[in-house]
Amino acid sequence: MTEQQLRELLNELVKQPHESEWVEFKLNFHSPEEIGTRISSLSNGACIHNKATGYLVFGVEDKSHIIRGTSFKAKSQKKGGEDLEHWLTSRLTPKIDFMVYEFDYDTTRHISLYVIPAAKNQPVEFLHQSYIRIGSITKKLNEYPEKQAKIWKKDAIPFEKEIAMDNLSAADITKYLRTEAYFDLMKIPYPSTQEGVIDKFIKDSLVVKNHGYAITKLGALLFAKQLKDFESVARKSIRVVVYKGKNKVETEREQIGGSGYAIDFENFLVWINSQLPANEEIGKALRKESRMYPEIAVRELVANALVHQDLNEKGFPMIEIFSDRIEISNPGKPLVTPERFIDAYVSRNEKLADIMRRMGLCEEKGSGLDKVIFNIELYQLPPLNVIVAESRTRVTMYSYKVLLDLDKKEKIRACYQHACLKYVSNEKMTNQSLRDRFKIADHNYAAASRIIRDALIEGIIKEDDPESKSRKYASYIPFWA
């Protein structure tokens with residue numbers, strides 16, 4: 001929001017007859033913990049009262065609503081050595097994407113403002129406790145079970161359908177969205193009239209018609225000319241960081257997406273692949289320089305990070321390139337366990353996934369990760385590693401290692417992923433197929449047998465036919481098959 005928009009918002013808020021469950025006024029800062037509890041209570045209150053956002057305003061008297069100004073600087077305030085905004089975010093569950101603003105109401109009155117999205121599907125907690133405002137007092141939500149039940153029962157509007165920009169004219173749609181990209185990627189002719197363009201965008205829920213027109217968050221995420229024009233999705237930009245060496249001590253280069261995903265996707269892939277280390281191709285008669293990582297695997301993992309991110313969580317899709325690995329992460333925990341990524345498909349953002357598939361930016365349902373693992377095996381790379389922690393999902397692809405350099409866990413994980421790949425290809429893993437995966441010589445079949453035995457002990461694969469007495473012709477399948 002611009003400073004003028006912020007002043008207008010404040011003028012509307014102080015017109016409220018009194019503080020409410022979704023608006024609170026304070027003169028000055030008291031403690032980080034107080035702000036944390038207020039964010040929880042105002043988010044939950046906004047949900048109960050069908051408000052899109054709650055507001056915590058510093059610089060206004062709570063009784064009279066007179067705008068006095070504050071000395072509190074919300075954006076620069078620290079808790080210990082940590083930015084207050086980050087400190088608060090890391091202690092909220094779920095990590096809602098609240099916004100922090102500072103502006104001068106006039107030359108003598110400074111204002112700090114928190115704009116807090118309403119809770120969705122579950123109460124927002126601060127330090128594992130949810131709160132609600134009762135009158136002007138903040139109380140624990142579990143003391144009011146009826147209010148708590150309202151939050152759990154409320155049908156939330158999907159993030160994709162929420163409005164990113166409202167009260168627009170038809171001309172504004174083409175002003176803010178790169179409409180021609182939609183038709184180019186869908187491989188259909190561009191309509192001859194503006195109405196034809198907008199009709200198509202309405203059918204795909206990229207635009208909705210109210211009194212005028214409105215761009216949905218889905219439309220902005222995919223086709224914004226400038227994501228910064230859409231405050232609610234601006235912080236969902238793709239980010240790529242290239243580090244020097246194996247850690248984050250020194251950053252060499254960084255790229256941040258400025259446009260919608262559909263516009264930036266191919267260019268980002270080209271840039272990412274240009275930053276990846278090269279290696280001599282393995283297993284080819286004529287050795288030549290090639291990328292260390294299969295481009296199709298990079299493409300699928302980046303697309304998955306966009307499609308499966310939790311858009312309601314604070315954060316953005318991120319690709320981090322190190323000298324020995326590439327890490328691709330996104331906000332949110334997956335809807336299925338990482339062990340079932342290859343065979344199970346549950347989309348968190350169904351409309352986003354559908355449009356990206358139709359535009360050819362990602363694979364059809366369930367056919368992406370099998371291609372990733374197939375190409376990882378083809379390039380003789382270590383297995384994928386998936387880590388779910390702190391409301392983020394991170395997938396790591398490692399550079400080439402010989403079998404002897406893989407530790408026991410990596411060998412077991414590679415064995416499991418190989419068994420999964422074989423199973424979804426309507427085949428079974430055998431000692432021979434695992435030897436082919438690791439390029440183990442036939443006379444060293446015992447090395448493959450040890451890996452299989454370790455995976456069986458770990459319980460992640462099982463024998464296809466437990467009654468068979470033949471070890472030579474034994475075959476194996478994933479534990480879930």
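This is a short walk through an enclosed cavity, an open pocket and a nonpolar surface patch in the structure above. Please keep in mind that the model is predicted.

Let us begin with the empty space inside. Rolling a probe the size of a water molecule over the atoms shows where empty space is left. Counting cavities of 30 Å³ or more gives 1, and the space in this largest cavity comes to about 500 Å³. To find the cavity on screen, look for Asn-304, His-308, Phe-341, Tyr-345 and Leu-369, which lie nearest its centre among the 31 residues of the lining.

Which elements build that wall by supplying at least two residues each? They are α10 (295-307), β19, α11 (350-358) and β21. Of these, α10 gives the most, with 5 residues. As for the character of the wall, 18 of the lining residues of the largest cavity are nonpolar, 8 are polar and 5 are charged.

Now for a space that is open. The second largest pocket holds about 810 Å³ of space. Its lining is made of 23 residues, and His-86, Thr-89, Lys-314, Gly-315 and Arg-392 are the closest to its centre. Two or more lining residues come from each of α3 (84-89), β18 (318-321), β19 (325-331), β20 (385-389) and β21 (392-398). Here α3 gives the most, with 3 residues. The wall of this pocket divides into 13 charged, 6 polar and 4 nonpolar residues. You may recognise two names from the cavity: β19 and β21 also supply at least two residues each to the lining there.

From β21 we can step on to the surface. Tyr-400 is found in the loop between β21 and α13, and Leu-404 is in the loop between β21 and α13 (408-424) as well. Together with Val-402, these two residues form a nonpolar patch on the surface, with about 310 Å² of accessible area for the three together.

How exposed is Leu-404? Its relative accessibility is 78%, so Leu-404 counts as exposed, the cut-off being over 50%. Tyr-400 has a relative accessible area of 35%, and therefore counts as partly exposed, since that class lies between 20% and 50%.

One last stop is at Tyr-400 again. Its partner for comparison, Ile-376, is 24 residues away along the chain, and the C-alpha atoms of the two are separated by 9.5 Å.

Technical notes:
Residues numbered from 1 in each chain as written. Predicted model: local features only at pLDDT ≥ 70, side-chain atom pairs only at ≥ 80, totals over all residues. Heavy atoms only, no water. 1 Å grid on protein atoms, 1.4 Å probe; cavity = no way out; pocket = protein on both sides within 12 Å on 5 of 7 lines; lining within 4 Å. Points joined across faces, edges and corners; volume = space filled by probe spheres on them. Helix = DSSP H or I, 4+ residues; strand = E, 2+ residues; numbered from the N terminus. Nonpolar A, V, L, I, M, F, W, Y, C, P; charged D, E, K, R; others polar. Patch = residues over 30% accessible without salt bridge, like charges linked within 9 Å, V, L, I, M, F, W, Y side chains within 5 Å. Areas by Shrake-Rupley, 256 points an atom, 1.4 Å probe, with all protein chains shown as cover. Salt bridge = Lys/Arg side-chain N within 4 Å of Asp/Glu carboxyl O. Buried < 20%, exposed > 50% of the residue type's maximum accessible area, 1.4 Å probe, protein only.
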